[in-house]
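Reader: Hello! I am new to this structure and would love a close look at one part of its surface, with a little of the surroundings. Could you walk me through it step by step?

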Amino acid sequence: MVSETMIVDSENCFRVLETSHPPVYYFDPDTIRMDLLRETQAGSFC
């Protein structure tokens with residue numbers, strides 16, 4: 001939730017716990033309010 005606005009509302013998601021890492025959440029892309037997000041220069045890797 002951002003500023004009391006729900007950006008994801010889904011039961012089709014899961015949390016992954018890996019050794020020595022914080023939890024990672026995966027959501028169904030169709031349930032994400034992409035209009036409320038913006039692209040960043042930051043990245044990630046698997």
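Author: Happily! Let us begin with a nonpolar patch on the surface, which is formed by Phe 14, Val 24 and Tyr 26. Together, these three residues have about 290 Å² of accessible area. Please keep in mind that this is a predicted model.

To place the patch, it helps to know the elements around it. The protein has two strands and zero helices. Phe 14 sits in strand E1, which covers residues 13-16, while Tyr 26 belongs to strand E2, made of residues 24-27.

How open are these side chains? Phe 14 has a relative accessible area of 52%, so this residue counts as exposed, the cut-off being over 50%. Tyr 26 reaches 39% and therefore falls into the partly exposed class, which lies between 20% and 50%.

Now look at the two rings in the patch. A search for aromatic pairs comes to a count of one. That pair is Phe 14 with Tyr 26: their ring centres are 5.3 Å apart and their planes lie at 25°, so the pair is stacked. The cut-off behind that word is an angle under 30 degrees. The two partners are 12 residues apart, so the pair links distant parts of the chain, with one ring in E1 and the other in E2.

Right beside Tyr 26 in the numbering is Tyr 25, also found in strand E2. If residues up to four places away in sequence are not counted, Tyr 25 touches Phe 14 and Arg 15. Phe 14 thus appears twice in our tour, as the stacked partner of Tyr 26 and as a residue touched by Tyr 25. For a sense of distance, you can also follow Tyr 25 to Glu 4: from C-alpha to C-alpha they are 20 Å apart in space, and they are 21 residues apart in sequence.

Between E1 and E2 runs a loop, and Ser 20 is found there. Ser 20 is exposed, with a relative accessible area of 72%. Its backbone deserves a glance as well. Most residues other than glycine have a negative phi. Ser 20 is not a glycine, yet its phi is positive, at about 60°.

Another serine, Ser 10, lies in the segment before E1. A polar atom of the Ser 10 side chain is 2.8 Å from the backbone nitrogen of Asn 12. Leaving aside neighbours within four places in sequence, Ser 10 is in contact with Asp 28 and Thr 31.

Away from the patch, there is a charged pair to find. Side chains of opposite charge can pair when their charged atoms come close. A search of the whole structure finds one salt bridge, and it joins the side chains of Arg 33 and Asp 35, with 2.8 Å from N to O. Asp 35 is exposed at 57% relative accessible area, whereas Arg 33, at 37%, is partly exposed.

Finally, let us step back to the whole protein. Of its 46 residues, 4% are buried. The accessible surface comes to about 4800 Å², and carbon and sulfur atoms account for 53% of that area. Along the principal axes, the C-alpha trace spans about 30 × 30 × 20 Å. To return to where we started, turn the model until you see Phe 14, Val 24 and Tyr 26 forming their nonpolar patch on the surface.

Definitions and conventions
Residues are numbered from 1 along each chain as its sequence is written. This is a predicted model: local features need pLDDT of at least 70, side-chain atom pairs count only at pLDDT 80 or more; totals for chains, interfaces and linings use all residues. Side-chain values use heavy atoms; hydrogens and water are left out. A salt bridge is a side-chain nitrogen of Lys or Arg within 4 Å of a carboxyl oxygen of Asp or Glu. Buried means under 20% relative accessible area, exposed over 50%, partly exposed in between (1.4 Å probe, protein chains only). Rings of Phe, Tyr and Trp (its six-membered ring) pair if their centres lie within 6.5 Å; planes under 30 degrees apart count as stacked, over 60 as edge-to-face and the rest as tilted. Helices (H or I, at least four residues) and strands (E, at least two) are DSSP runs, numbered from the N terminus. Patches are made of residues with over 30% relative accessible area and no salt bridge: like charges are joined within 9 Å, nonpolar side chains (Val, Leu, Ile, Met, Phe, Trp, Tyr) within 5 Å. Accessible areas come from the Shrake-Rupley method with a 1.4 Å probe; for residues, only the protein chains shown count as cover. Contact means heavy atoms within 4.5 Å. A polar contact is a pair of N or O atoms within 3.5 Å; within protein, one must be able to donate a hydrogen and the other to accept it, and residues adjacent in sequence count only if both atoms are side-chain atoms.
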